Each structure stands twice: as structure tokens, then as C-alpha cells.
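Colleague: I would like a close look at one part of this model, its nonpolar interior. Please take the structure below as the starting point.

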Amino acid sequence: MIIITSRLRQPSENYAVMEGSQYGFRAHRGVQMVVQRAHWVQQQAMKESGTLIRIDFDFKNAFNSEGHSCLWAILRGLGVPDVDFLEDLYSKSWMKIQVGTGCSAPIQLDTGTVQGSVLWPLLFDLFLNALLRLLDATGITHGIRRTPQWSHATFADVCPYTCAQSEMPTSCST
């Protein structure tokens, strides 16, 4: 799995498949950068007497919740190589749960993966990329002057969405 992960990560990073707003599970990025960006915008907003609204999306059971069929469609749409290989690999994946001395019947995996897979954090980042691209396409930013304009900086399965009160989507105002 390490070889497969490396083979997928290289084009994902080198050819800008991954959105710049995803900081989780990526080299030279981390939660400190997300916190620093948010703090900087908050300080600027306070200087300008602006109002920021922040909504944190935290995906429940994130790594085990995305369906494989959706994942493969997203990966194909992004132009990720070897999707057929991954689909074949995961179509034959199953697990058993051991309770005490007994073991369950085999359970087919059609969502998520076995805990601890080195490949799954990258696959989850790519899966989440579809949402991040949609957020970028709205053109909504936090709206604070003299700062880089963005609305979200995601770390793994936590996506804080920040916007100025005047930029808030109407669906969030009720």
C-alpha cells in the first residue's frame, strides 16, 4: 500500500489535483498554518470592526463514511491514475471483527477502509476535494481587506468556513 500511496500522492501534489485549502495529511502543511491564517484574519477583522462568521464542519466517522462508488467517480473526474486498480483492490476487501474468542462472518467493505490503511488519508483528501472545489467556485471569501482572500482552510476532516457577515450565504443566515 505504501507504493500505491506514493504513486498517487506524487501526481496529486505535482499537478495541482489537490486544492490548496486542504492542509491535512500533506507534506509541508499542518494545522498550525490553518490556525495562523484564521488568527490573522480575525485580528484584521477586529482592527476594521468587521464581523466574521465561522462555521466548522466536522465530518462524523469521516474515514469510514464515503462510499466507494462515489470515491471512484470523484477520482476519475480529477484524472487520478490507477482508479481501476484501486476499485478492483477494494472490491475484494473484507474484514472480520473479533469479539472475545469468536469472530464475525466476513464483512464486505463498500465504504471507508480498514483502520490504519496508509492509503486512506490520501483517498479521503481527494474525496473531500470535490467539496473544496465547490466552495472555491462560489467566490465567497471572508471579505477582510489587506489579507489574502479565502473562505476555508481544511485540515483532514475538519473544514472551518469563514465569511464576513455581508458575504454570508443566505442559506446560513436563518
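Which residues have the most contacts inside the largest nonpolar core, and how many residues does that core have?

Modeller: This is a predicted model, with an average pLDDT of 81 and 93% of the residues scoring at least 70. The largest nonpolar core has 20 residues. Those with the most contacts inside it are Leu8, Leu75, Val80, Leu86, Leu123 and Leu126. Four helices give two or more residues each to this core: H1 (2-14), H3 (68-78), H4 (83-91) and H5 (120-137). H5 supplies the largest share, 6 residues.

Leu123 shows how the core is joined. Apart from neighbours within four places in sequence, Leu123 is in contact with Leu8, Leu71, Leu75, Leu86 and Tyr90.

There is also a second, separate core of 7 residues, with Val34, Val41, Trp150 and Ala153 among them. Val34, Trp150 and Ala153 also appear in the lining of the largest cavity, together with Ala38, Arg54, Pro160 and Thr162. By class, that lining has 5 nonpolar, 1 polar and 1 charged residues. Helix H2 (31-47) and strand S6 are the elements that give two or more residues to the lining. The cavity holds about 30 Å³ of space, and the count of cavities of 30 Å³ or more comes to 1.

A note on confidence: strand S6 (residues 158-164) is where confidence is lowest, at a mean of 80, whereas strand S4 (residues 102-103) has the highest, at 92. Where pLDDT is low, predicted coordinates should not be read in detail.

Note on methods. Residues are numbered from 1 along each chain as its sequence is written. This is a predicted model: local features need pLDDT of at least 70, side-chain atom pairs count only at pLDDT 80 or more; totals for chains, interfaces and linings use all residues. Side-chain values use heavy atoms; hydrogens and water are left out. A nonpolar core is a set of buried Ala, Val, Leu, Ile, Met, Phe, Trp, Tyr and Cys residues joined through side-chain atoms within 4.5 Å. Buried means under 20% relative accessible area, exposed over 50%, partly exposed in between (1.4 Å probe, protein chains only). Contact means heavy atoms within 4.5 Å. pLDDT is the predictor's confidence in each residue, from 0 to 100. On a 1 Å grid over the protein atoms alone, a cavity is a set of points where a 1.4 Å probe fits but cannot get out, and a pocket is an open set with protein on both sides within 12 Å along at least five of seven lines; lining residues have an atom within 4 Å of a point. Grid points are joined across faces, edges and corners, and a volume is the space filled by probe spheres set on the points. Ala, Val, Leu, Ile, Met, Phe, Trp, Tyr, Cys and Pro count as nonpolar, Asp, Glu, Lys and Arg as charged, and the others, Gly among them, as polar.
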